[in-house]
Amino acid sequence: MAAVVAMSTVIPCTALAAALVADAPAISALAPEAAALLPQARTLRYRMRSPRVRELQVRLRQAKFLAVYDVDDRFDGRTREAVLKFQREVGLRATGVVDATTWQALAAHSRPPTAAELANVDIGPWFTSPTQPGFVKELQHRLKQVGIYEGPLDGRFDAATQQAVAAWRTRIGLPASEVMDERGWAPLIRRTRNPRYAELFDAPPTSSLSQELDPRCAKGRVVCISKRELKMSFVVDGQVRFTREARFARPGWESPEGEFRIWYMNRDTVSKIFGERTPMPYAIFYDGNVAIHFSQDFADKGYDSGSHGCSQLRDYQVAKWLYEQVKVGDRVVVYR
C-alpha cells in the first residue's frame, strides 16, 4: 500500500461557490450529451484550463481514479496521472490525453456531474453512516461542544441531531443539509476534541464470538487476527477482551501474515492511495500502511467486498474502544 493521510479539508469560498452555482446551467449543459460530444469538440490535455476539465475531474473522482477534494479548471499533473491510470485500467492506449474514445469510456464508468459537484458544494455521502450509533454519539458530543446540539448522547439520528448538523453546515458556509460528509466533518473535528469512549458508553462492547488463538497470542497485549475464521480478538495475557468479525483483502490483494508491532495510530485517517478518499476511522497501523480500522464499506457490504490489505471492523463503537485499549509497541498477530 502507498501513503495514507490524516484528514484535511478545504472549505470553498462562499462567494466562489455561489458564482459557480449561478453558472451551473452553462456548465451542466455539458452533460449528459457531453458524454459523447465534449471531447470531439475539443480534446483535453495537460496544462489546459477549461470548465470541461472540471467535469473531467468530477467523473474521474466518481470512477475512483482521482482523489481530489475540490475540482477546478486546470488539467494539472495529478489529473493527467489519473487519466493515464484510467486508460490503462480499461485497456486504452495510455496517452494522458482525453480524446473522444477516452471520454466515452469514462462516461460508462461515471455519471453527469450535478451543479453542486461542479461548484464544490456537493453534500456527497455520509462520512460514516448514521446507522452507526457509535459515530452518531461522537457526532452529538462534538456538536454539543460547538454549542449547536443540546440533546442526549443517545446515538439516535433524530430530528434534533439532524437540525444540529444542518446548523453546523450553515455556520461553515455549506448548504444546509442533514448529511455529515467530509466537508462538514473535517472542520468539526478540528474545532472540537475527540470524546473518550467512557464519555459515550457505560461499558465495553459485549462479545459473544470465540476465536481459536494462535500460540503467540498467549502473552502480553496483542490483537489476534485469524484470516481463516475471519475474526479479530484483543487479548491481554491470554485473556480475551473481545472478539469480532473481521474482513481482509479483496481478490488480487493480500493481507500480510506474521507478527507485527503497532507503529502508528491515527483517529481520523483518510486514505487517498487508490484514487478515492476512503475514511479509515481509528486506524491502527502495524505493517507499513496496513492497518486495523473501521470500514463503512464492510458494514454496508459485508464480505462481498474487501480491503487492499487492511484488517477491518464493521462496528464503529468497537473500533473506537479497541483504539483506546492498544498503544504503539503492542503486538498484532495475523495468521491462518
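**Reasons behind the labels: strand 5, its salt bridges and helix 9**

Author: R261 of strand 5 has R331 as its bridge partner in strand 10. The model is predicted; local features need pLDDT of at least 70, side-chain atom pairs count only at pLDDT 80 or more, and totals for chains, interfaces and linings use all residues. Residues are numbered from 1 along each chain as its sequence is written, and side-chain values use heavy atoms, with hydrogens and water left out.

Reader: How do you know that strand 5 and strand 10 pair?

Author: Two strands pair if DSSP finds at least two bridges between them. Strand 5 and strand 10 are joined by four bridges and run antiparallel, so the criterion of at least two is met. Strands here are DSSP runs (E, at least two residues), and helices likewise (H or I, at least four), numbered from the N terminus.

Reader: Which side chains of strand 5 point to the buried face?

Author: Those of G258 and F260 do, while E259 and R261 point to the other face and are not buried.

Reader: Why is the contact of E254 with K227 called a salt bridge?

Author: The term requires a side-chain nitrogen of Lys or Arg within 4 Å of a carboxyl oxygen of Asp or Glu. The N to O distance for E254 and K227 is 2.6 Å, so the pair qualifies. E254 lies in the loop between strand 4 (239–245) and strand 5 (258–261), and K227 in the loop between strand 2 (221–226) and strand 3 (231–236), so the pair ties together parts 27 residues apart in sequence.

Reader: What makes K227 buried?

Author: Buried means under 20% relative accessible area, exposed over 50%, and partly exposed in between (1.4 Å probe, protein chains only). K227 has 8% and is therefore buried.

Reader: What makes R336 exposed and E257 partly exposed?

Author: R336 has a relative accessible area of 54%, so R336 is exposed; E257 has 38% and is therefore partly exposed. Their side chains meet in a salt bridge at 2.7 Å, N to O. K227, E254, E257 and R336 are linked in a network of salt bridges.

Reader: How do you know that the reach of helix 9 is close to the expected one?

Author: The expected span is 1.5 Å times one less than the number of residues. Helix 9 (residues 159–171) has 13 residues and reaches 18 Å from its first C-alpha to its last, close to the 18 Å expected.
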